[in-house]
Amino acid sequence: MNVSAPELASLASPTADRPEWIWRNGTLSRWEQAQIHVNAVGHASTAAIFEGIKAYRADDGRLLLFRLDEHLRRLFDSARICRLDLPYSLADLRTGVFDLLRGNGYDQDAYVRPWAFPAGLIREQMVPAGSVCEVVIDSWPFRSRPDVTRGCRAGVSSWQRVSDAAMPPRVKAFSNYHNGRLAMMEARENGHDWPILLNERHKVSEGPGACVALVRHGTVTTPSLTSGVLESITRDTVLRLLDESGEPVVEREVDRSELYLADELFFLGTAWEILPITSIDGLPVGQGRPGPVTRRLADAYARLVRGRSDRHTDWLTEVPR
Ligand SMILES: Cc1ncc(COP(=O)(O)O)c(C=O)c1O
């Protein structure tokens, strides 16, 4: 298939859902001018790390970032493990996020993605430790996708989750998503919406873009942080909400067969929020529709992130006008 030069150019030009500004190395640049040389793509991107943050438009018009500092801290954690030196402080990046969101003037929810990649035309096979990094923050309008009433179909993948001993899933690195992508392609081929990956011990780890939890006999259980998962902020949010209301919640290794006996199953993550799973490998989960605990959590989460709840207002950062 031949793709014409104008068609290729149009893929990289701003449209209604591509914003005007991108934050790059301390200043706002016009979206279409934020370019790098094609030679910089390969090795620099294998070493790139990022974060995914959600900004919610509250009923009173405020734009609220959910757990901004925790996300930025995790970016620094990823940088540390990957030995990348970010030339900005957490406070600098927080200000960068504010500048960007104000500049783009969102009147709806937005996804915010700070990321860092080694700068320049790297010719070495391995990006050296301590390479100078570029830091970028991009953003785009982002509606809540999860259909809480319908849920999704999941399947256990034949691809294994990358292990901490190989490519730590604790690091939010673009390269890790190669593993998730393979699993996702297989899931779609098999008629599922999303995969759940098992780890090297054949225990449940996570989905390609979210953690997973099950409800059985009234207890919410989620794989432990040593199961090959990202240290998810949504997972932490849900565990804390449950714990604070005195509801039973457990973090431990989870067997594959427990997924088939669960009364309820759901994904949890910034982008997917609380997404009910209604079938697993073709078996209905519970009654085959989103269960009461999942729906209650999804509702509590939706109210929390939009500032409609009195709980944990400390998790919300308003973008200064
Ligand atoms: C692989 C993976 N696991 C889990 C999560 C959920 O993490 P968080 O709740 O911090 O968004 C994500 C989302 O970014 C992810 O990509």
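This passage describes the ligand site of a predicted model and the packing of two of its helices.

The ligand is surrounded by 17 residues, and of these Lys172, Tyr177, Ser232, Thr234 and Thr270 come nearest. Sorted by class, the shell holds six nonpolar, seven polar and four charged residues. Two of the threonines named above also make polar contacts through their side chains. For Thr234, a side-chain N or O atom is found 2.5 Å from an oxygen atom of the ligand. For Thr270, the separation between a side-chain N or O atom and a ligand oxygen is likewise 2.5 Å. Arg74 joins in as well, with a polar side-chain atom 2.7 Å from an oxygen atom of the ligand. Taken on its own, the ligand has 380 Å² of accessible area, and the protein covers 96% of it. Helix H3 (68-81) and helix H6 (233-244) are the elements that contribute two or more residues to the shell.

It is worth following H3 a little further, to its packing with another helix. Two packed helices can be described by the angle and the distance between their axes. The axes of H3 and helix H4 (residues 90-104) come within 10 Å of each other and cross at roughly 125°. An angle from 115 to 145 degrees counts as oblique, and H3 and H4 are therefore oblique to each other. The handedness of the H3 and H4 crossing is right-handed.

Methods: Residues are numbered from 1 along each chain as its sequence is written. This is a predicted model: local features need pLDDT of at least 70, side-chain atom pairs count only at pLDDT 80 or more; totals for chains, interfaces and linings use all residues. Side-chain values use heavy atoms; hydrogens and water are left out. A residue is near a molecule or strand if one of its heavy atoms lies within 4 Å of it. A polar contact is a pair of N or O atoms within 3.5 Å; within protein, one must be able to donate a hydrogen and the other to accept it, and residues adjacent in sequence count only if both atoms are side-chain atoms. Accessible areas come from the Shrake-Rupley method with a 1.4 Å probe; for residues, only the protein chains shown count as cover. Helices (H or I, at least four residues) and strands (E, at least two) are DSSP runs, numbered from the N terminus. Ala, Val, Leu, Ile, Met, Phe, Trp, Tyr, Cys and Pro count as nonpolar, Asp, Glu, Lys and Arg as charged, and the others, Gly among them, as polar. Axes are lines fitted to C-alpha atoms, for helices over the stretch in contact, and angles run from 0 to 180 degrees between N-to-C directions. Angles under 35 degrees count as roughly parallel, over 145 as roughly antiparallel, 65 to 115 as roughly perpendicular and the rest as oblique. A crossing is left-handed if the near helix is turned anticlockwise from the far one by less than a right angle, and right-handed if clockwise.
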